[in-house]
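Reader: I should like to examine how the descriptive terms for this model are justified. Please begin with the terms for empty space.

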Amino acid sequence: MPPSMPLISPNNDITFPSDFKFGVADADLQTIGEGHTIADEGSEPTMWCHFAEEHGLATPGLGIDRYHRWREDIEHLRQLGVHDYRTSVSMSRTLMRNGEVNHRGIEWYKRYFEALKENDISIYATLYHWELPQYLNEQGGWTNRETVFALQRHAQVVVEHLDEFIDEYFILNEPWCSSLLSYYEGVHAPGKQHRDDSENLKAALLAAHHLLLAQGLAYQAIKERAPDAKVSAVLNFEPSYAASSAPQDAQAARYRDGYFNTWFLDPIFRGRY
């Protein structure tokens, strides 16, 4: 499509700017087939395999086998005319347990990213799309401050080895999900459900704080090695409206907005909670 041509929605009621990017997205964990990376790369199992097995769910062990079928996937992207693509680079595949680089994992990403660029596909790389190694989960996961430095190290490795292919970095994917949904509501891995005890909300908020701290350190790590890199994050939002004009409803809406939105927005844009 010529870059000067405006994009019209099917209902002809919205006109998108000519430089608006329509793309597709996935995550490494959703597609790769974790069993293959463990067997072939010696990568770390993620907490999601453990969580799925514990709850009788389908595990990410097979995925769609992108590990072996990535050329077919790129051909599908090419046939669809996709030029903007977001995926993730999993810290369970870039780092060994001792913090050293897992070069077999890095080499797979290099082959994949080179082929994407050869097909004129821009790469938007998420550094954390919930692929926490299980051994870190066993040490407290995001409630443990040491996990912050694991993500910082992961960012250093990615920018050092893969920056030439990456058009833009997204550090975190939906930190609300990997903190409150995971450590308070119990829906996502590691499935900690503490909703019956308000005191345990502190663990989820601590996880959120550590995620945001890790994001700041990862940002610094990227910019130190690639000063011109585009760096952002993916936050999920939910509108919050009062059910009525009653003061208690207005307060409830404010609490909900804080729980879902501003707990993550305020530190990023205002530097405080």
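Author: On a 1 Å grid over the protein atoms alone, a pocket is an open set of points with protein on both sides within 12 Å along at least five of seven lines, whereas a cavity is a set where a 1.4 Å probe fits but cannot get out; lining residues have an atom within 4 Å of a point. Grid points are joined across faces, edges and corners, and the volume is the space filled by probe spheres set on the points. By that reckoning the second largest pocket holds about 170 Å³. The model is a predicted one, in which local features need pLDDT of at least 70 and side-chain atom pairs pLDDT 80 or more, while totals for chains, interfaces and linings use all residues. Residues are numbered from 1 along each chain as its sequence is written, and side-chain values use heavy atoms, without hydrogens and water.

Reader: What residues line the second largest pocket, and how do they divide into nonpolar, polar and charged?

Author: The lining includes Leu29, Gln30, Trp48, Phe51, His129 and Trp130. Ala, Val, Leu, Ile, Met, Phe, Trp, Tyr, Cys and Pro count as nonpolar, Asp, Glu, Lys and Arg as charged, and the others, Gly among them, as polar; the lining therefore divides into eight nonpolar, three polar and no charged residues.

Reader: Why is the pair of Trp176 and Phe260 called tilted?

Author: Rings of Phe, Tyr and Trp (its six-membered ring) pair if their centres lie within 6.5 Å; planes under 30 degrees apart count as stacked, over 60 as edge-to-face and the rest as tilted. The rule yields 19 aromatic pairs. Phe16 and Phe22, at 5.1 Å centre to centre and 75 degrees between the planes, are edge-to-face. The centres of Trp176 and Phe260 are 4.3 Å apart with planes at 35 degrees, so this pair is tilted.

Reader: What makes Phe16 partly exposed?

Author: Buried means under 20% relative accessible area, exposed over 50%, and partly exposed in between (1.4 Å probe, protein chains only). Phe16 has 22% relative accessibility and therefore counts as partly exposed. Phe22, at 47%, is likewise partly exposed, whereas Trp176 and Phe260 are both buried.

Reader: How do you know that the chain is as compact as a globular protein of its length?

Author: The radius of gyration is taken over C-alpha atoms, and the globule rule is 2.2 Å times the number of residues to the power 0.38. The chain has a radius of 20 Å, close to the 19 Å that the rule gives for 273 residues, so the description holds.
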